[in-house]
Amino acid sequence: MKIQTHGDNLSTYTKYIALIQAIHEYLQTNGYLQLDLPVLSPALIPEGYLEVFETEFRYMNRKEKLYLTPSPELFIKRLLAEGVGDCYYLGKSFRNSEPNSPKHLPEFTMLEMYKVRENYRYMAQVVRKMLEFTAKKIHGKDSITYNGKKIDLTRWEELTVAEAFEKYSGVSTEELFDTNKFLKKAEEKGYRTEGFTYEDLWSQMYTQEIEPYLGTDGHPTMLFDYPVCFAALSTPNTDGKTAQRFEFYIEGVELGNCYSELTDADLQDKRLADEYEERKKSGKIDHPIDKGFVDALRKGLPVSTGIAIGVERVGMVMLDLVSIEDLKLITIS
Amino acid sequence: MAVQAGNLKKGEFIMYQSDIWQVQKTEFYSPGKGAALMRTKIKNVSSGKTVDYTFKSNEFIETIEVNSIEMQYLYKDAENAIFMDQQSYNQYEVPLEMVGEIIQFFKEGEVMYVYVHDEKPLSVRPPASVTLKIIQTDSAARGDTVGNAKKEAEVETGAKVMVPLFIKQGEIITINPETGEYTGRASQGS
């Protein structure tokens with residue numbers, strides 16, 4: 001990898017910084033406390049499908065493994081249990097084993113915000129208002145142009161995941177939530193199913209047949225209620241099949257992911273053990289499980305909703321760029 | 001040879017649904033649950049049709065061995081670009097859809113590499129750079145000379161490129177044929 005400077009991006013960069021300031025302004029005006037958090041941690045929340053960066057603290061003959069945080073969640077949940085209230089982190093997060101692409105950098109800027117005593121539907125409204133506010137700040141209007149298309153930020157499409165599968169893939173609700181029927185449907189559609197799980201094929205079909213069309217009708221799309229297995233950190237819905245998670249998209253670009261946070265410590269504990277096993281099975285870096293995070297839940301995580309937003313992606317869409325690297329003055333690639 | 005989809009690279013040829021396809025674009029994508037994915041754009045070498053297909057990154061894909069053979073570009077007709085093998089003097093027709101947009105930068109007589117599989121030409125390996133003469137461009141307009149101001153220029157193959165204001169008619173420039181971007185001055189020309 002090489003260090004590259006991009007002096008040409010200076011004017012875009014200036015607008016990107018104005019966008020970040022607008023986000024801070026919106027959140028602080030609405031009572032969210034900005035959190036300054038570490039990015040190095042001795043333990044992490046295990047995530048089965050995500051690789052981390054490992055480093056080491058050294059002093060004299062003492063050595064201790066540290067890991068760059070793939071998300072600030074482990075810190076914020078502790079603080080929520082301590083009663084910090086509505087809050088957000090806007091800063092770096094790190095994900096390994098994914099190559100640089102127009103939509104991804106291993107080191108990226110994440111906005112993670114939490115609202116207590118509310119659920120994901122409330123957060124959906126916050127996101128809408130925040131994007132409208134930031135567009136007005138940087139463009140002076142509540143619409144943007146991206147991919148040669150005008151995107152109206154005052155009108156949002158709302159779909160459930162089941163509705164989206166029906167609409168774009170012709171997969172019925174019954175087929176979607178029944179593993180055998182879903183695998184059969186995938187096979188009929190020509191997907192290779194041998195040796196692949198429901199989760200593998202679900203993601204493949206979602207990425208191939210649904211995602212590219214989300215948010216492409218001149219306004220953003222919010223997709224609600226993912227199958228429980230794709231929303232392990234969120235509160236289950238009463239239908240027993242889905243959980244309270246939403247994502248939002250503009251022109252097929254995923255910009256954020258929200259949960260009504262899971263507050264059940266036992267369930268969380270079990271989930272972490274499963275994820276830890278998944279990591280071990282796939283030969284990922286063996287980092288300690290952050291037990292303090294589960295203890296925080298036991299202490300009592302207030303009912304809350306949290307969202308993670310890719311800030312560079314929002315910048316790319318808001319400023320009509322081809323790649324998130326177009327926002328950067330320096331890149332490592 | 002079978003490779004995992006996560007290792008596919010732009011330009012490679014694969015066997016998919018009993019047809020040969022050339023990989024045009026790849027994007028690794030981790031959905032956070034389940035296998036990571038490889039989003040691709042692939043082009044069917046028989047029909048020229050391009051489709052988007054998302055593979056699971058750990059899925060094995062059959063890649064096709066191709067030879068790159070040095071050939072001279074002779075001319076094009078309505079459907080094909082015609083090349084001649086420098087050693088055997090055999091002529092090969094490569095469908096224009098497979099050559100793609102880069103053909104606008106090919107000068108007759110230039111030597112480049114053609115991908116051949118089982119005696120069938122599949123596509124052309126894009127040269128890293130082409131050197132072409134400017135046959136038409138306005139002399140620099142006064143005024144906007146700060147920053148990265150560009151003007152349109154026509155090169156000898158008839159293609160249009162954006163060049164810096166200081167470039168004059170008759171100069172020889174280098175172009176990246178894949179992006180169509182001006183990359184530098186080859187000489188002062190005449």
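Here are five short exercises on a predicted model, each with a worked solution.

**Exercise 1: the nonpolar core**

Task: Find which residues have the most contacts inside the largest nonpolar core, and which helix gives the largest share of it.

Solution:
- Start with the core itself: it holds 44 residues, and Met113(A), Val127(A), Phe246(A) and Phe248(A) have the most contacts inside it.
- Next, look at where its members come from. Helix H3 (residues 120–139) of chain A supplies the largest share, 8 residues.
- Now zoom in on Val127(A). Not counting residues up to four places away in sequence, Val127(A) touches Met113(A), Trp156(A), Met222(A), Phe246(A), Phe248(A), Ile307(A) and Ile309(A).
- Finally, don't miss the other core, which lies apart from this one: it has 40 residues, including Leu159(A), Tyr191(A), Ala5(B) and Ile14(B).

**Exercise 2: Thr331(A) and Met1(A)**

Task: Work out whether Thr331(A) is buried or exposed, and do likewise for Met1(A).

Solution:
- Place Thr331(A) first: you'll find it in strand S15 (residues 330–332) of chain A.
- Its relative accessible area is 3%. Buried means under 20%, so Thr331(A) counts as buried.
- Check what surrounds Thr331(A). Leaving aside neighbours within four places in sequence, it is in contact with Lys2(A), Ile3(A), Gln4(A), His6(A) and Glu325(A).
- One of these, His6(A), makes a side-chain to side-chain polar contact with Thr331(A), at 2.7 Å.
- Now turn to Met1(A), in the segment before strand S1 (3–5) of chain A. Its relative accessible area is 79%; exposed means over 50%, so Met1(A) is exposed.
- Met1(A) also helps make a nonpolar surface patch of about 490 Å², together with Ile3(A), Ile330(A) and Ile332(A).

**Exercise 3: unusual backbone angles**

Task: Say where Asp225(A) sits, where Glu251(A) sits, and what the sign of phi is at each.

Solution:
- Keep the background in mind: most residues other than glycine have a negative phi.
- Asp225(A) is not a glycine, yet its phi is positive, about 65 degrees. This residue sits in strand S11 (residues 221–227) of chain A and is buried, at 13% relative accessible area.
- Glu251(A) isn't a glycine either, and its phi is positive at about 50 degrees. Its place is the loop between strand S12 (242–250) and strand S13 (253–260) of chain A, and it is buried, at 14%.
- Among the residues in contact with Glu251(A) are Tyr146(A), Lys149(A) and Leu214(A).

**Exercise 4: a salt bridge across the chain**

Task: Find how far apart in sequence Glu82(A) and Lys299(A) are.

Solution:
- The two form a salt bridge, with their closest N and O atoms 2.9 Å apart.
- Glu82(A) is in the loop between helix H2 (73–81) and strand S6 (87–94), while Lys299(A) is in helix H9 (residues 291–300), both of chain A. That puts them 217 residues apart.
- Both partners are exposed.

**Exercise 5: more charged pairs**

Task: Identify which elements are tied together by Lys92(A) and Glu107(A), and which by Glu158(A) and Arg121(A).

Solution:
- Lys92(A) and Glu107(A) meet in a salt bridge at 3.3 Å, N to O. Lys92(A) lies in strand S6 and Glu107(A) in strand S7, so the pair ties together parts 15 residues apart in sequence.
- Glu158(A) and Arg121(A) meet at 3.4 Å. Here strand S10 is tied to helix H3, across 37 residues of sequence.
- To round off, the count over all chains is 34 salt bridges, and Asp266(A), Asp269(A), Lys291(A) and Arg298(A) are linked in a network of them.

Methods: Residues numbered from 1 in each chain as written. Chains lettered and ligands numbered in written order. Predicted model: local features only at pLDDT ≥ 70, side-chain atom pairs only at ≥ 80, totals over all residues. Heavy atoms only, no water. Core = buried A, V, L, I, M, F, W, Y, C linked by side-chain atoms within 4.5 Å. Buried < 20%, exposed > 50% of the residue type's maximum accessible area, 1.4 Å probe, protein only. Helix = DSSP H or I, 4+ residues; strand = E, 2+ residues; numbered from the N terminus. Contact = heavy atoms within 4.5 Å. Polar contact = N/O pair within 3.5 Å; in protein donor to acceptor, adjacent residues only side chain to side chain. Patch = residues over 30% accessible without salt bridge, like charges linked within 9 Å, V, L, I, M, F, W, Y side chains within 5 Å. Areas by Shrake-Rupley, 256 points an atom, 1.4 Å probe, with all protein chains shown as cover. Salt bridge = Lys/Arg side-chain N within 4 Å of Asp/Glu carboxyl O.
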